[in-house]
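Got the viewer open? Let's take a walk through some side chains, one selection at a time.

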Amino acid sequence: MASLQEPWLLENGNLKGLSKEMRHGRTAHNMSSSSLRKKSDLTLVSKLRCGLLRNFLTNLQEVILGTKLSVLFPAIPLAIVAEVYGFGRPWVFALSLLGLTPLAERVSFLTEQIAYFTGPTVGGLLNATCGNATELIIAVFALSQHKIEVVKYSLLGSILSNLLLVLGTSLFCGGIANLRFEQRYDRKQADVNILLLLLGLLCHMLPLLFRISSDSAALSAVPTLQLSRASSFVMLLAYIAYIVFQLVTHRQLFEAPEESGDGEDDDVVSEEKPVIGFWSGIAWLFGMTGVIALLSEYVVETIEDASDSWGLSVSFISIILLPIVGNAAEHAGAIIFAFKNKLDISLGVALGSATQISMFVVPLCVIVAWIMGIKMDLSFSLLETGSLALSIIATAFTLQDGTSHYLKGLALLLCYFVIAASFFVCKSPLNQGNVVNVAVNAAPGVALRA
């Protein structure tokens with residue numbers, strides 16, 4: 001029960017003690033984000049007599065200063081100033097990208113705070129829909145500007161970085177830090193995620209194979225688009241079943257292990273009660289989402305200018321740089337728990353994020369584009385689809401025996417570096433990547449002659 005010295009915890013009424021289910025139903029994403037949080041000293045704030053001011057300052061301190069990434073928050077106003085006063089566009093891009101890093105971690109924090117009031121099921125649903133809010137918002141703004149390739153690149157990059165970079169680094173660092181111990185993990189959760197990733201891969205490969213097998217790209221454009229939209233509904237249906245499986249029928253497979261309480265995790269904030277009220281959490285979540293939307297718009301508008309200025313292709317920036325910086329907080333948490341020989345949490349973060357993007361964000365973008373009148377399909381290029389397929393296969397073989405060592409992590413990292421090198425040397429223009437859209441918009445007579 002909230003103490004009388006902390007009246008801001010009573011914002012939503014009397015708060016009963018948290019049940020064991022709520023305390024120990026935290027997912028791997030929640031645990032990973034917690035590793036980057038720090039305790040706030042509220043001694044001075046608690047002495048204020050004005051309840052409204054005390055509540056505001058407490059929320060401000062917990063939300064803004066309650067993370068180890070708070071040093072990156074100044075990048076947000078700097079990005080806005082750079083945009084307003086017409087500074088170099090690459091500077092706007094870089095500052096916006098840095099500003100998105102702490103915001104992604106804070107969204108996870110706020111959804112967890114709201115879950116204390118709504119229960120673990122609704123909280124898990126919030127995490128399942130808002131866990132990759134940054135990627136989704138960037139994708140929507142890119143779609144609004146008809147930059148379909150940027151959408152595909154960024155979402156593909158998020159999947160690749162989770163499967164190869166995050167998981168590879170976690171296994172490598174965990175193996176080096178625990179040479180004397182055999183690292184083991186529960187294969188059940190990994191098997192579920194790999195199965196869904198393979199389903200998503202099938203839905204990505206069929207439109208590409210259909211387009212390749214056709215004699216004419218123009219004639220296969222419309223069927224490919226229709227197949228992609230149908231596949232998107234199938235993927236969303238599978239993701240809904242996955243959510244039910246994760247939050248209702250088989251919740252125990254996805255719960256993070258309980259903390260041992262022996263002091264080995266002092267740097268992880270063990271939250272047994274909310275630190276902000278329900279309505280404050282809702283307000284902060286909407287506010288953070290609005291700022292993410294603003295910075296995402298800056299990123300989409302300036303990505304081509306940054307590409308020209310830095311001499312890097314848009315595909316390399318979207319597939320490699322955007323996911324690394326945008327998900328740095330979540331990735332760092334996964335690596336920290338791998339150091340502590342808690343691979344179940346690391347695998348839950350990496351595979352869970354990859355599954356969410358592949359089975360939820362990607363098909364949702366196809367449906368949203370359809371509503372917006374934009375012809376986005378699931379047909380990636382041969383290089384992109386091949387990279388995705390080999391990454392999923394490599395990950396599946398790596399996790400097949402339930403044990404880990406540093407060589408497995410090193411192999412995944414080297415796979416990621418080779419893929420990154422291939423996109424680094426690939427200089428395909430942004431406006432020539434969407435063959436399907438060109439074919440769909442072509443005149444009927446041209447299509448027939450083709």
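**Stop one: rings between two helices**

Select Y239 and F360, both of which are buried. Keep in mind that this is a predicted model. Now show helix 11 and helix 15: Y239 belongs to the former and F360 to the latter, so this pair ties together parts that are 121 residues apart in sequence. Stacked or edge-to-face? The ring centres are 5.0 Å apart and the planes sit at 25 degrees, so the pair is stacked.

Stay with these two helices and add F233 and W370. This aromatic pair is edge-to-face, with 6.3 Å centre to centre and 75 degrees between the planes. F233 is in helix 11 (residues 217-249) and W370 is in helix 15 (residues 343-371), so here the parts tied together are 137 residues apart in sequence. F233 is partly exposed, at 46% relative accessible area, and W370 is partly exposed too, at 42%.

The count for the model is 8 aromatic pairs. For one more group of rings, pick F117, F278 and W279, which form one aromatic cluster.

**Stop two: charges over rings**

Next, select R106 and F109: the charged end of R106 sits over the F109 ring, 4.2 Å from its centre. Then jump to K340, whose charged end sits over the ring of F337, 5.6 Å from the centre.

**Stop three: salt bridges**

Side chains of opposite charge can pair when their charged atoms come close. How many salt bridges are there? The count comes to 6.

Start with K152 and D377, which meet in a salt bridge at 2.8 Å, N to O. K152 is in helix 9 and D377 is in the loop between helix 15 and helix 16 (382-398), so the pair ties together parts 225 residues apart in sequence. Both ends are buried: K152 has a relative accessible area of 7%, and D377 has 1%.

Now go to D305 and R89, where the closest N and O atoms are 3.5 Å apart. D305 lies in helix 12 (residues 278-310) and R89 in helix 6 (residues 89-118), so this salt bridge ties together parts 216 residues apart in sequence. Add E83 to your selection, and you have a network of salt bridges linking E83, R89 and D305.

For a bridge within one helix, try R187 and D191 (3.7 Å, N to O). They are 4 residues apart in helix 10 (residues 187-213), about one helical turn.

**Last stop: S158**

Finish in helix 9 (residues 148-177) with S158. S158 is buried, at 2% relative accessible area. Leaving out residues up to four places away in sequence, S158 touches E135, P323, N327 and I357.

Note on methods:
Residues are numbered from 1 along each chain as its sequence is written. This is a predicted model: local features need pLDDT of at least 70, side-chain atom pairs count only at pLDDT 80 or more; totals for chains, interfaces and linings use all residues. Side-chain values use heavy atoms; hydrogens and water are left out. Rings of Phe, Tyr and Trp (its six-membered ring) pair if their centres lie within 6.5 Å; planes under 30 degrees apart count as stacked, over 60 as edge-to-face and the rest as tilted. Buried means under 20% relative accessible area, exposed over 50%, partly exposed in between (1.4 Å probe, protein chains only). A charge sits over a ring if NZ of Lys or CZ of Arg is within 6 Å of the ring centre and within 35 degrees of the ring normal. Contact means heavy atoms within 4.5 Å. A salt bridge is a side-chain nitrogen of Lys or Arg within 4 Å of a carboxyl oxygen of Asp or Glu.
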